[in-house]
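Reader: Before we discuss particular residues, I should like to understand the terms used for this model. Could you explain each one as it arises?

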Amino acid sequence: PSGPRAMTFYVYRAQSAADYPLENLNAADLPGVLWYLHNEVVTATPRKYKIDRIKRYMMTVKNTWEFWNAHHRQFGAFVAYDAAKCTTPVCQDIYHQYGFI
C-alpha cells in the first residue's frame, strides 16, 4: 500500500451481563479471548468477574502518516492499557513521536 489505510475487522470481549460504554474496553482476537476464558475465567467458581458471554465488535482503525512514514506498516507496537491508561513504559515516547496510533 502507498500509505496508511483504514482496516475493518472484528474484536472480541469476554464480559458479564453488565453494560459498559464502548470506550476503554479490553478486547482481543478470537483465539486471545478463548485463551483468556480457558486460563483465567473458568478455572474457579464463581467465574472471574461473573463473565458469561463473548461480545463481538466491528472495529475500523487507521495509523497516522507520521507512523507510516517511519515504519511503512499498518499496525503499531503492542502497548498494554489498564484502567484506561497505557501502562507500557514507552507510551509517551510513541504518542509524542507518532500521535495516537
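**Terms and values**

Author: A starting point is T64, whose side chain has a polar atom 2.7 Å from the backbone oxygen of Y98. This is a predicted model, in which local features need pLDDT of at least 70, side-chain atom pairs count only at pLDDT 80 or more, and totals for chains, interfaces and linings use all residues. Residues are numbered from 1 along each chain as its sequence is written, and side-chain values use heavy atoms, with hydrogens and water left out.

Reader: What makes the pair formed by the side chain of T64 and the backbone oxygen of Y98 a polar contact?

Author: A polar contact is a pair of N or O atoms within 3.5 Å; within protein, one must be able to donate a hydrogen and the other to accept it, and residues adjacent in sequence count only if both atoms are side-chain atoms. The distance to Y98 is 2.7 Å, so the pair lies within the 3.5 Å limit. A polar atom of the T64 side chain also lies 3.2 Å from the backbone nitrogen of F67.

Reader: Why is T64 called buried or exposed?

Author: Buried means under 20% relative accessible area, exposed over 50%, and partly exposed in between (1.4 Å probe, protein chains only). T64 has 18% relative accessibility and therefore counts as buried. Leaving aside neighbours within four places in sequence, T64 is in contact (heavy atoms within 4.5 Å) with P4, Y98, F100 and I101.

Reader: What makes E40 and K48 a salt bridge?

Author: The term requires a side-chain nitrogen of Lys or Arg within 4 Å of a carboxyl oxygen of Asp or Glu. For E40 and K48 the N to O distance is 3.1 Å, so the pair meets the 4 Å rule. Side chains of opposite charge can pair when their charged atoms come close. By this rule the count comes to two salt bridges; R53 and D52 form one of them, at 2.8 Å, N to O.

Reader: How do you know whether E40 and K48 are buried, exposed or partly exposed?

Author: E40 has 33% relative accessibility, so E40 counts as partly exposed. K48, at 28%, is likewise partly exposed.

Reader: What of R53 and D52: buried, exposed or partly exposed?

Author: R53 has a relative accessibility of 36% and therefore counts as partly exposed. D52 has a relative accessible area of 44%, so D52 is partly exposed.
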